[in-house]
Amino acid sequence: MNDDREVICRPLGRRALWCLVALGAAGVGSAAVRAVYRGTLLDVWVGLGLLLALLGLVCLYAATVRVSADADGLRSRTLLRRRNLAWSDIADLRVYIQYGRNQEIHRVSVLLRDGRTPRLPLPLSGSCDDRPEFDARLDALRALHRRHGDPETSHVPVLSYRTAGRGSAVAAVLCVLLLAGAGLAAWFVPVAASEKQAWTAAALRAAGAPAAERGECLSTQPAVIARTEVGGLRQSSRLHFADGGPFERLGVSQDAARGFEPGDRVELTVWRHQVREVTGEHHVWREHFPGGGELAVIAAGLALGAGYPAARVLIRRRGRRLPDDEVLPSALPFAGALVGTAVWLLPLCYLHPTDPLGSTVTVAWTASGAVATLGMSAWAWYATRVRTPGNAAASGDELSPDEADRFLAARFLEHTDYNPNGFGSHIVLGDGPPAVTPHPGPGRFAARRIPVERLTVSCVRRARGGDGDTVDRSWHIAELDDAGRPVRLAAAPDDLARIVRALDAGRPRP
């Protein structure tokens, strides 16, 4: 596309959208006439007309969206807002990936000089079918930007959920909510422990017990089951008792409702003016009292669960100086540290919910667990460090030419004659020329030799969002020139350094 030509982006299927707008307008008219004729809004046809009106309003918004660009700048128009941006105010045009239920939605994000990042309503891609059209529109917009502005990057930055440019507000909110739930559960631990202890210590009511203390003792009375209700998945199950009495019905579990039958004579155990146990000839139901240990485990589990989004926020904070499209390290090492902490913390909370430091054993338990957690956290901190290509190139042991074959996990991201259809998963070095193989060895079965004589290493960089989600977060990318064609090679930093040295050593010298 010519750089001087105006680029215009409009939604697909505009004719169908305008037809739906007309249908929505007809729905508004029919709803108004029906409401006036019937004198009420509580009518099926009025509701249908209002539903069509809402659909027409949504389609009107979609039909009026327009994005255009020319030598003067970028213009965006929607039903509610208009925005004009000069090329001098735009730092870069980037791809922003939104994640739906079963698809990825690609949009254009505009990076302004003042740091703001508005997203354009168009172009838009929601499937692989319309992805080429989206890429063509984006290339045309970037061509205009290069001609009339000053873009920051020569490549197309892609912002995905793995890159540094995405915000961490969702993870922070989730962390706060989980911590709030943990605090609420911890608040009720003493109450639950006290109630469970009182239920365990309760005895049958003595005949001469004062009336004020009778609620704290157990009492029994006979009853006859009149009928049972077995609820569904989200419905309550109940037992109904005959002869009136102080207890007409009682909510129970599904198994209890199936275990009792109408006409069964049962004995009701009452505590604190509520039925806590129903004993029959063939079945017994007891109310479950959550103890302090169970609530303490829930509180600890929620607190540990909050650690994972907190780790993601921490990693994004550590990578705040990285380019927005560079991939951040994974938070899975911190997840491993949290799982290791749960191994010693949850049993401690269950067995000693109210006094975890009440004995020498629990103090030693807590101290040793805390030391283990500290060690695992230090390892996770080290494992999630940001490794630059320069540091990776300096590491790694040398591979002698006569050494046995070593298979290194690596992938060429482009389809080539030595990597057809992306079949290669490893590169073999050692006794023979470097080759691409679809397996980790042993042997060079199905290996394809890499033409090192025509490969030149342009640069080694960290993984970006545009490299795809299949590239490991910790891997680096070597950009190669394959006889004028750009090729990317992805591997772990140390392995990539070995491969690059092997490619350089195998290239003929002038």
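**Close-up views of a predicted model**

**View 1. Leu74 and its surroundings in the main nonpolar core.** Setting aside neighbours within four places in sequence, L74 is in contact with V67, S68, A69, R83, N84, L85, W87, I90, L93, V110, L120 and L141. Please keep in mind, as you look through these views, that the model is predicted. L74 is also one of the residues that touch the most other members of the largest nonpolar core, together with W87, I90, L93 and V110. That core holds 23 residues. Two or more of its residues come from each of β1 (7-9), β2 (66-70), β5 (90-99), β6 (104-112), β7 (119-125) and α3 (131-148). Which element gives the most to this core? It is α3, with five residues.

**View 2. A second nonpolar core.** Separate from the core around L74, there is another one with 19 residues. Among them are A410, I427, L480 and L503, which make handy starting points for finding this core. In soluble globular proteins, nonpolar side chains tend to be buried together.

**View 3. A nonpolar patch on the surface.** Here the nonpolar side chains are found on the outside: L48, L51, L54, L57, V58, Y61, L79 and L80 form a patch on the surface. Together they have about 800 Å² of accessible area. Take L51 as an example, found in helix α2 (residues 44-63). Is L51 buried or exposed? Its relative accessible area is 54%, so L51 counts as exposed.

**View 4. The E6–R75 salt bridge.** The side chains of E6 and R75 meet in a salt bridge, at 3.4 Å from N to O. E6 lies in the segment before β1 and R75 in strand β3 (residues 73-77), so this pair ties together parts that are 69 residues apart in sequence. Both ends are partly exposed: E6 has a relative accessible area of 36%, and R75 has one of 24%. Across the model, the count comes to 22 salt bridges.

**View 5. The R142–D92 salt bridge.** In this pair, the closest N and O atoms of R142 and D92 are 3.0 Å apart. Because R142 sits in helix α3 and D92 in strand β5, their salt bridge ties together parts 50 residues apart in sequence. R142 is buried, with a relative accessible area of 5%, and D92 is buried too, at 2%.

**View 6. The D469–R162 salt bridge.** D469 and R162 form a salt bridge, with their closest N and O atoms 3.8 Å apart. D469 is in the loop between β19 (455-462) and β20 (476-482), while R162 is in the loop between β8 (158-159) and α4 (169-187), so the pair ties together parts that are 307 residues apart in sequence. D469 is partly exposed, with a relative accessible area of 34%, whereas R162 is buried at 5%.

**View 7. A network of salt bridges.** Some salt bridges share partners, and in this way E414, R461, R464, D467, E479 and R488 are joined into one network.

**View 8. R316, a buried charge without a salt bridge.** R316 belongs to helix α7 (residues 292-318). Where is the nearest side chain of opposite charge? That side chain is D324, 8.6 Å away, and R316 has no salt bridge even though it is buried. Leaving aside neighbours within four places in sequence, the residues in contact with R316 are Y161, T163, A164, R166, G167, S168 and L328.

Notes:
Residues are numbered from 1 along each chain as its sequence is written. This is a predicted model: local features need pLDDT of at least 70, side-chain atom pairs count only at pLDDT 80 or more; totals for chains, interfaces and linings use all residues. Side-chain values use heavy atoms; hydrogens and water are left out. Helices (H or I, at least four residues) and strands (E, at least two) are DSSP runs, numbered from the N terminus. Buried means under 20% relative accessible area, exposed over 50%, partly exposed in between (1.4 Å probe, protein chains only). Lys and Arg count as positive and Asp and Glu as negative; His and the chain ends are not counted. A salt bridge is a side-chain nitrogen of Lys or Arg within 4 Å of a carboxyl oxygen of Asp or Glu. Contact means heavy atoms within 4.5 Å. A nonpolar core is a set of buried Ala, Val, Leu, Ile, Met, Phe, Trp, Tyr and Cys residues joined through side-chain atoms within 4.5 Å. Patches are made of residues with over 30% relative accessible area and no salt bridge: like charges are joined within 9 Å, nonpolar side chains (Val, Leu, Ile, Met, Phe, Trp, Tyr) within 5 Å. Accessible areas come from the Shrake-Rupley method with a 1.4 Å probe; for residues, only the protein chains shown count as cover.
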